[in-house]
Amino acid sequence: MLKEGWITETNKYKALLQAVEQGSITAAARELEYSPSGLTRVLDSLEKDLGFPLLQRSPQGVELTLEGESLLPAIRELLYWAGQIEERSDSLKGLDQGELHIGSYYSIASCWLPSILRDFQRDYPHIRVHVQEAGNKTLLQGLRERKLSCCLFNKNPGYQGDWIPLYQDRLVAWIPEGHPLAKKKAIRPDNLDGQPFIDPLPHQGTDTGSFLKKYHVQPDVRFTTSNMYTCWTMVEAGLGLSMDNALSSRRWSGAVRVVPFDTPDRLELGIALPSRREASPALKKFIQYVKRTVEELTRQSGTPRR
(Lines give C-alpha, C1' and ligand atoms only; values in the text may rest on other atoms or scores of the structure.)
Protein backbone atom coordinates (compact mmCIF):
# COMPACT_ATOMS: atom_id res chain seq x y z
CA MET A 1 0.00 0.00 0.00
CA LEU A 2 1.25 3.52 -0.86
CA LYS A 3 0.64 6.53 1.33
CA GLU A 4 -1.27 9.22 -0.59
CA GLY A 5 0.59 12.52 -0.77
CA TRP A 6 3.97 11.11 0.30
CA ILE A 7 6.02 8.50 -1.45
CA THR A 8 9.68 7.45 -1.36
CA GLU A 9 11.84 7.02 -4.44
CA THR A 10 11.85 3.27 -3.80
CA ASN A 11 8.07 3.20 -3.74
CA LYS A 12 7.97 5.06 -7.05
CA TYR A 13 9.75 2.10 -8.59
CA LYS A 14 7.39 -0.30 -6.81
CA ALA A 15 4.48 1.61 -8.33
CA LEU A 16 6.09 1.38 -11.76
CA LEU A 17 6.47 -2.40 -11.51
CA GLN A 18 2.91 -2.77 -10.29
CA ALA A 19 1.61 -0.76 -13.26
CA VAL A 20 3.63 -2.91 -15.67
CA GLU A 21 2.55 -6.21 -14.06
CA GLN A 22 -1.11 -5.16 -14.01
CA GLY A 23 -0.91 -3.60 -17.47
CA SER A 24 -3.05 -0.75 -16.20
CA ILE A 25 -2.54 2.31 -14.00
CA THR A 26 -6.11 2.02 -12.71
CA ALA A 27 -5.62 -1.64 -11.72
CA ALA A 28 -2.25 -0.85 -10.14
CA ALA A 29 -3.75 2.02 -8.17
CA ARG A 30 -6.49 -0.28 -6.88
CA GLU A 31 -3.92 -2.88 -5.84
CA LEU A 32 -1.79 -0.25 -4.07
CA GLU A 33 -4.83 1.47 -2.49
CA TYR A 34 -3.94 4.68 -4.27
CA SER A 35 -5.99 6.97 -6.52
CA PRO A 36 -5.44 6.59 -10.31
CA SER A 37 -4.72 10.30 -10.67
CA GLY A 38 -2.30 10.20 -7.74
CA LEU A 39 -0.47 7.19 -9.16
CA THR A 40 -0.26 8.90 -12.57
CA ARG A 41 1.41 11.88 -10.89
CA VAL A 42 3.88 9.55 -9.16
CA LEU A 43 4.83 7.88 -12.45
CA ASP A 44 5.04 11.21 -14.27
CA SER A 45 7.36 12.47 -11.51
CA LEU A 46 9.60 9.41 -11.86
CA GLU A 47 9.87 9.88 -15.61
CA LYS A 48 10.64 13.58 -15.12
CA ASP A 49 13.40 12.75 -12.63
CA LEU A 50 15.01 10.27 -15.03
CA GLY A 51 14.60 12.47 -18.08
CA PHE A 52 12.86 9.99 -20.39
CA PRO A 53 9.55 8.07 -20.57
CA LEU A 54 9.30 4.67 -18.91
CA LEU A 55 5.76 3.73 -19.94
CA GLN A 56 3.89 3.63 -23.19
CA ARG A 57 0.27 4.54 -22.52
CA SER A 58 -2.60 3.49 -24.78
CA PRO A 59 -6.35 2.75 -24.47
CA GLN A 60 -5.37 -0.91 -24.00
CA GLY A 61 -3.18 -0.14 -20.96
CA VAL A 62 0.51 0.47 -20.28
CA GLU A 63 3.77 -1.26 -21.08
CA LEU A 64 7.43 -0.45 -20.69
CA THR A 65 9.30 1.63 -23.25
CA LEU A 66 12.63 0.38 -24.55
CA GLU A 67 14.34 2.58 -21.95
CA GLY A 68 12.13 1.11 -19.24
CA GLU A 69 12.94 -2.43 -20.40
CA SER A 70 16.66 -1.70 -20.19
CA LEU A 71 16.28 -0.43 -16.62
CA LEU A 72 14.07 -3.29 -15.43
CA PRO A 73 16.83 -5.62 -14.11
CA ALA A 74 18.41 -2.75 -12.15
CA ILE A 75 15.02 -1.71 -10.75
CA ARG A 76 14.35 -5.25 -9.51
CA GLU A 77 17.82 -5.35 -7.94
CA LEU A 78 17.21 -1.99 -6.23
CA LEU A 79 13.89 -3.13 -4.78
CA TYR A 80 15.40 -6.40 -3.60
CA TRP A 81 18.10 -4.66 -1.58
CA ALA A 82 15.67 -2.00 -0.34
CA GLY A 83 13.54 -4.83 1.03
CA GLN A 84 16.59 -6.36 2.69
CA ILE A 85 17.41 -3.07 4.43
CA GLU A 86 13.84 -2.62 5.60
CA GLU A 87 13.57 -6.13 7.03
CA ARG A 88 16.96 -5.97 8.74
CA SER A 89 16.18 -2.60 10.31
CA ASP A 90 12.82 -3.95 11.52
CA SER A 91 14.61 -6.92 13.03
CA LEU A 92 17.08 -4.67 14.85
CA LYS A 93 14.14 -2.76 16.34
CA GLY A 94 12.68 -6.00 17.64
CA LEU A 95 9.96 -6.17 14.99
CA ASP A 96 9.20 -9.35 13.06
CA GLN A 97 7.89 -7.89 9.85
CA GLY A 98 8.54 -8.55 6.22
CA GLU A 99 7.23 -9.98 3.00
CA LEU A 100 8.15 -13.28 1.38
CA HIS A 101 7.49 -14.50 -2.15
CA ILE A 102 7.84 -18.29 -2.18
CA GLY A 103 8.02 -20.34 -5.36
CA SER A 104 7.05 -23.99 -5.15
CA TYR A 105 6.24 -27.17 -7.01
CA TYR A 106 2.52 -27.93 -6.87
CA SER A 107 3.24 -31.12 -4.90
CA ILE A 108 5.26 -29.31 -2.24
CA ALA A 109 2.71 -26.51 -2.03
CA SER A 110 -0.11 -28.97 -1.33
CA CYS A 111 1.78 -31.48 0.83
CA TRP A 112 4.15 -29.33 2.92
CA LEU A 113 3.31 -25.65 2.77
CA PRO A 114 -0.03 -25.70 4.64
CA SER A 115 1.65 -27.09 7.78
CA ILE A 116 4.71 -24.86 7.35
CA LEU A 117 2.66 -21.69 6.90
CA ARG A 118 0.28 -22.53 9.75
CA ASP A 119 3.14 -22.69 12.27
CA PHE A 120 5.06 -19.81 10.70
CA GLN A 121 2.09 -17.42 10.76
CA ARG A 122 1.23 -18.44 14.30
CA ASP A 123 4.63 -17.23 15.49
CA TYR A 124 5.20 -14.39 12.98
CA PRO A 125 1.74 -13.06 12.08
CA HIS A 126 3.09 -9.79 10.63
CA ILE A 127 5.19 -11.46 7.92
CA ARG A 128 3.15 -11.68 4.71
CA VAL A 129 3.73 -14.71 2.51
CA HIS A 130 2.87 -15.00 -1.19
CA VAL A 131 3.11 -18.43 -2.84
CA GLN A 132 3.60 -18.97 -6.57
CA GLU A 133 3.10 -22.54 -7.81
CA ALA A 134 4.80 -23.26 -11.12
CA GLY A 135 7.22 -25.45 -13.03
CA ASN A 136 11.01 -25.27 -13.15
CA LYS A 137 11.28 -22.67 -15.92
CA THR A 138 9.03 -20.10 -14.24
CA LEU A 139 10.50 -20.69 -10.78
CA LEU A 140 14.10 -20.34 -11.96
CA GLN A 141 13.24 -17.15 -13.81
CA GLY A 142 11.58 -15.79 -10.68
CA LEU A 143 14.73 -16.46 -8.68
CA ARG A 144 17.00 -14.85 -11.27
CA GLU A 145 14.82 -11.74 -11.47
CA ARG A 146 14.53 -11.44 -7.65
CA LYS A 147 10.76 -11.85 -7.89
CA LEU A 148 10.96 -14.85 -5.55
CA SER A 149 12.67 -15.01 -2.16
CA CYS A 150 13.28 -18.74 -2.49
CA CYS A 151 11.94 -21.81 -4.30
CA LEU A 152 11.05 -25.29 -3.11
CA PHE A 153 11.64 -27.77 -5.91
CA ASN A 154 14.02 -30.37 -7.36
CA LYS A 155 17.71 -29.44 -7.47
CA ASN A 156 18.47 -27.86 -10.82
CA PRO A 157 22.04 -28.09 -12.12
CA GLY A 158 21.63 -24.80 -13.98
CA TYR A 159 20.95 -22.73 -10.86
CA GLN A 160 23.98 -20.89 -9.43
CA GLY A 161 22.62 -19.81 -6.02
CA ASP A 162 22.59 -21.62 -2.67
CA TRP A 163 20.87 -24.96 -2.15
CA ILE A 164 19.46 -26.59 1.03
CA PRO A 165 18.55 -30.29 0.54
CA LEU A 166 15.41 -31.53 2.30
CA TYR A 167 14.05 -34.78 0.91
CA GLN A 168 14.76 -37.63 -1.52
CA ASP A 169 11.87 -38.39 -3.86
CA ARG A 170 11.36 -40.24 -7.13
CA LEU A 171 9.23 -39.98 -10.24
CA VAL A 172 6.36 -42.44 -10.65
CA ALA A 173 3.95 -43.28 -13.45
CA TRP A 174 0.23 -42.61 -13.20
CA ILE A 175 -1.66 -45.39 -14.98
CA PRO A 176 -5.44 -45.87 -15.32
CA GLU A 177 -6.78 -48.94 -13.58
CA GLY A 178 -7.47 -51.59 -16.17
CA HIS A 179 -4.48 -50.62 -18.31
CA PRO A 180 -2.07 -53.57 -18.89
CA LEU A 181 0.82 -51.67 -17.26
CA ALA A 182 -1.24 -51.15 -14.09
CA LYS A 183 -0.58 -54.76 -13.09
CA LYS A 184 3.18 -54.30 -12.92
CA LYS A 185 5.09 -53.61 -9.68
CA ALA A 186 7.55 -51.43 -11.61
CA ILE A 187 7.90 -50.36 -15.23
CA ARG A 188 10.74 -49.44 -17.57
CA PRO A 189 10.88 -45.94 -19.05
CA ASP A 190 10.43 -47.37 -22.55
CA ASN A 191 7.09 -48.84 -21.47
CA LEU A 192 5.74 -45.31 -22.02
CA ASP A 193 6.90 -45.19 -25.65
CA GLY A 194 3.91 -44.52 -27.93
CA GLN A 195 1.44 -44.63 -25.05
CA PRO A 196 -1.37 -42.02 -24.89
CA PHE A 197 0.06 -39.42 -22.51
CA ILE A 198 -1.05 -36.36 -20.56
CA ASP A 199 1.81 -33.86 -20.36
CA PRO A 200 1.72 -31.77 -17.16
CA LEU A 201 3.18 -28.25 -17.36
CA PRO A 202 4.46 -28.40 -20.97
CA HIS A 203 7.43 -26.17 -21.90
CA GLN A 204 8.34 -25.71 -18.23
CA GLY A 205 11.51 -27.81 -18.15
CA THR A 206 9.82 -30.30 -15.82
CA ASP A 207 11.37 -33.33 -14.16
CA THR A 208 9.02 -35.45 -16.27
CA GLY A 209 10.38 -33.89 -19.46
CA SER A 210 13.98 -34.40 -18.35
CA PHE A 211 13.30 -38.03 -17.47
CA LEU A 212 11.69 -38.81 -20.83
CA LYS A 213 14.53 -37.06 -22.68
CA LYS A 214 17.19 -38.93 -20.69
CA TYR A 215 15.72 -42.31 -21.65
CA HIS A 216 14.80 -41.27 -25.22
CA VAL A 217 11.12 -42.01 -24.60
CA GLN A 218 8.45 -40.51 -26.84
CA PRO A 219 4.92 -41.05 -25.54
CA ASP A 220 1.95 -40.01 -27.65
CA VAL A 221 1.03 -36.67 -26.01
CA ARG A 222 -2.74 -36.37 -26.43
CA PHE A 223 -3.42 -33.72 -23.75
CA THR A 224 -1.60 -31.04 -21.76
CA THR A 225 -2.56 -29.31 -18.52
CA SER A 226 -1.05 -26.91 -16.00
CA ASN A 227 -2.93 -28.38 -13.03
CA MET A 228 -1.66 -31.60 -11.47
CA TYR A 229 -5.00 -32.58 -9.93
CA THR A 230 -6.66 -32.15 -13.31
CA CYS A 231 -3.93 -34.37 -14.74
CA TRP A 232 -4.70 -37.02 -12.10
CA THR A 233 -8.44 -36.98 -12.89
CA MET A 234 -7.73 -37.20 -16.63
CA VAL A 235 -5.65 -40.32 -16.00
CA GLU A 236 -8.48 -41.66 -13.84
CA ALA A 237 -10.87 -41.10 -16.76
CA GLY A 238 -8.64 -43.29 -18.94
CA LEU A 239 -7.45 -40.50 -21.23
CA GLY A 240 -3.81 -41.50 -20.98
CA LEU A 241 -0.83 -42.11 -18.71
CA SER A 242 1.16 -39.43 -16.93
CA MET A 243 3.91 -38.88 -14.35
CA ASP A 244 4.70 -36.88 -11.24
CA ASN A 245 6.77 -37.23 -8.10
CA ALA A 246 5.76 -39.74 -5.46
CA LEU A 247 5.17 -36.97 -2.92
CA SER A 248 2.11 -35.57 -4.67
CA SER A 249 0.84 -39.02 -5.62
CA ARG A 250 0.07 -39.79 -1.97
CA ARG A 251 -2.40 -36.91 -1.73
CA TRP A 252 -5.15 -38.31 -3.93
CA SER A 253 -7.18 -41.48 -4.28
CA GLY A 254 -9.10 -42.88 -7.21
CA ALA A 255 -8.88 -45.30 -10.11
CA VAL A 256 -5.21 -44.55 -10.75
CA ARG A 257 -2.32 -46.91 -10.17
CA VAL A 258 0.92 -45.27 -9.02
CA VAL A 259 3.78 -47.39 -10.37
CA PRO A 260 7.51 -46.71 -9.82
CA PHE A 261 10.15 -46.94 -12.51
CA ASP A 262 12.87 -49.59 -12.34
CA THR A 263 15.62 -46.97 -12.57
CA PRO A 264 17.86 -45.52 -9.85
CA ASP A 265 16.78 -41.92 -10.63
CA ARG A 266 15.95 -39.79 -7.61
CA LEU A 267 14.79 -36.23 -7.07
CA GLU A 268 16.49 -34.09 -4.44
CA LEU A 269 13.80 -31.72 -3.22
CA GLY A 270 15.04 -28.68 -1.35
CA ILE A 271 15.24 -24.90 -1.07
CA ALA A 272 16.96 -22.72 -3.67
CA LEU A 273 17.80 -19.11 -2.77
CA PRO A 274 20.20 -16.51 -4.16
CA SER A 275 22.34 -16.39 -1.01
CA ARG A 276 21.82 -17.97 2.38
CA ARG A 277 24.23 -15.50 3.96
CA GLU A 278 22.40 -12.49 2.50
CA ALA A 279 18.88 -13.83 3.18
CA SER A 280 16.53 -11.49 5.01
CA PRO A 281 15.59 -12.20 8.65
CA ALA A 282 12.10 -13.23 7.54
CA LEU A 283 13.48 -15.68 4.97
CA LYS A 284 15.92 -17.18 7.48
CA LYS A 285 13.05 -17.77 9.90
CA PHE A 286 10.95 -19.31 7.14
CA ILE A 287 13.74 -21.72 6.18
CA GLN A 288 13.97 -22.90 9.79
CA TYR A 289 10.25 -23.72 9.75
CA VAL A 290 10.52 -25.51 6.41
CA LYS A 291 13.32 -27.76 7.65
CA ARG A 292 11.59 -28.52 10.93
CA THR A 293 8.22 -29.28 9.33
CA VAL A 294 9.67 -31.49 6.59
CA GLU A 295 11.59 -33.47 9.21
CA GLU A 296 8.39 -33.96 11.25
CA LEU A 297 6.25 -34.93 8.25
CA THR A 298 8.94 -37.28 6.97
CA ARG A 299 9.27 -38.93 10.36
CA GLN A 300 5.50 -39.43 10.54
CA SER A 301 5.36 -41.00 7.07
CA GLY A 302 8.47 -43.11 7.62
CA THR A 303 10.14 -41.99 4.36
CA PRO A 304 13.80 -40.96 4.01
CA ARG A 305 14.51 -37.25 4.34
CA ARG A 306 17.75 -37.24 2.33
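Which residues does Leu212 touch, not counting residues up to four places away in sequence? Keep that question for the third stop of this tour of a predicted model.

**Whole chain**

Start with the full protein chain, which has 11 helices and 12 strands. Its C-alpha atoms fill a box of roughly 70 × 45 × 30 Å along the principal axes. Of the 306 residues, 47% count as buried. Among contacts with a separation of 6 or more, 75% come from residues 24 or more positions apart.

**First stop: helices H1, H2 and H3**

Select residues 9-22 for helix H1 and residues 36-50 for helix H3. Their axes are 10 Å apart and the helices pack at an angle of about 110°, which makes H1 roughly perpendicular to H3. The crossing of H1 past H3 is left-handed. To see the contact, show Glu9, Lys12, Tyr13, Ala15, Leu16 and Ala19 on H1, then Leu39, Val42, Leu43, Ser45, Leu46, Asp49 and Leu50 on H3. Sorted by class, this contact holds nine nonpolar residues, one polar and three charged.

Now add helix H2, residues 25-32. The axes of H2 and H3 cross at roughly 105° and come within 9 Å, so H2 is roughly perpendicular to H3. On the H2 side the contact is made by Ile25, Thr26, Ala28, Ala29 and Leu32, and on the H3 side by Pro36, Leu39, Thr40 and Leu43. Seven of these residues are nonpolar and two are polar, with no charged residues in the contact.

**Second stop: the five-stranded sheet**

Next, select the open sheet whose strands follow the order S4-S3-S5-S12-S6, with mixed pairing. Strand S4 (127-133) and strand S6 (162-169) are the edge strands, each pairing on one side only. Ignoring direction, neighbouring strands in this sheet are turned against each other by 20° on average.

Inside the sheet, look at strand S5 (residues 150-154) and strand S12 (residues 267-273), which run antiparallel and are joined by four bridges. One place to zoom in is Cys151, whose bridge partner in S12 is Ala272. Then show helix H6, residues 113-123: H6 lies across S4 and strand S3 (98-104), and runs at about 170° to S4.

**Third stop: the three-stranded sheet and Leu212**

Move to the open sheet with the order S10-S7-S11, where the pairing is antiparallel. Strand S10 (242-245) and strand S11 (256-260) each have a single partner strand, so one side of each is left without a neighbour in the sheet. From one strand to the next, the twist averages 35°. Strand S7 (residues 171-176) is joined to S11 by five bridges, and the two run antiparallel. Within that pair, Ala173 stands opposite Val259 of S11.

Two helices should be shown with this sheet. Helix H9, residues 228-236, lies across S7, S10 and S11 and runs at about 45° to S7. H8 lies across S7 and S10, running at about 115° to S10.

Finally, select Leu212, which lies in helix H8 (residues 207-214). Is Leu212 buried or exposed? Its relative accessibility is 11%, so Leu212 counts as buried. Setting aside residues up to four places away in sequence, Leu212 touches Leu192, Phe197, Val217, Pro219 and Met243, which answers the opening question. For a last distance check, pick the C-alpha atoms of Leu212 and Gln141: they are separated by 23 Å, with the residues 71 apart along the chain.

Technical notes: Residues numbered from 1 in each chain as written. Predicted model: local features only at pLDDT ≥ 70, side-chain atom pairs only at ≥ 80, totals over all residues. Heavy atoms only, no water. Pairing = 2+ DSSP bridges. Axes fitted to C-alpha atoms, helices over the stretch in contact; angles between N-to-C directions. Contact = heavy atoms within 4.5 Å. Parallel < 35°, antiparallel > 145°, perpendicular 65-115°, else oblique. Left-handed = near helix turned anticlockwise from the far one by under 90°. Nonpolar A, V, L, I, M, F, W, Y, C, P; charged D, E, K, R; others polar. Buried < 20%, exposed > 50% of the residue type's maximum accessible area, 1.4 Å probe, protein only.
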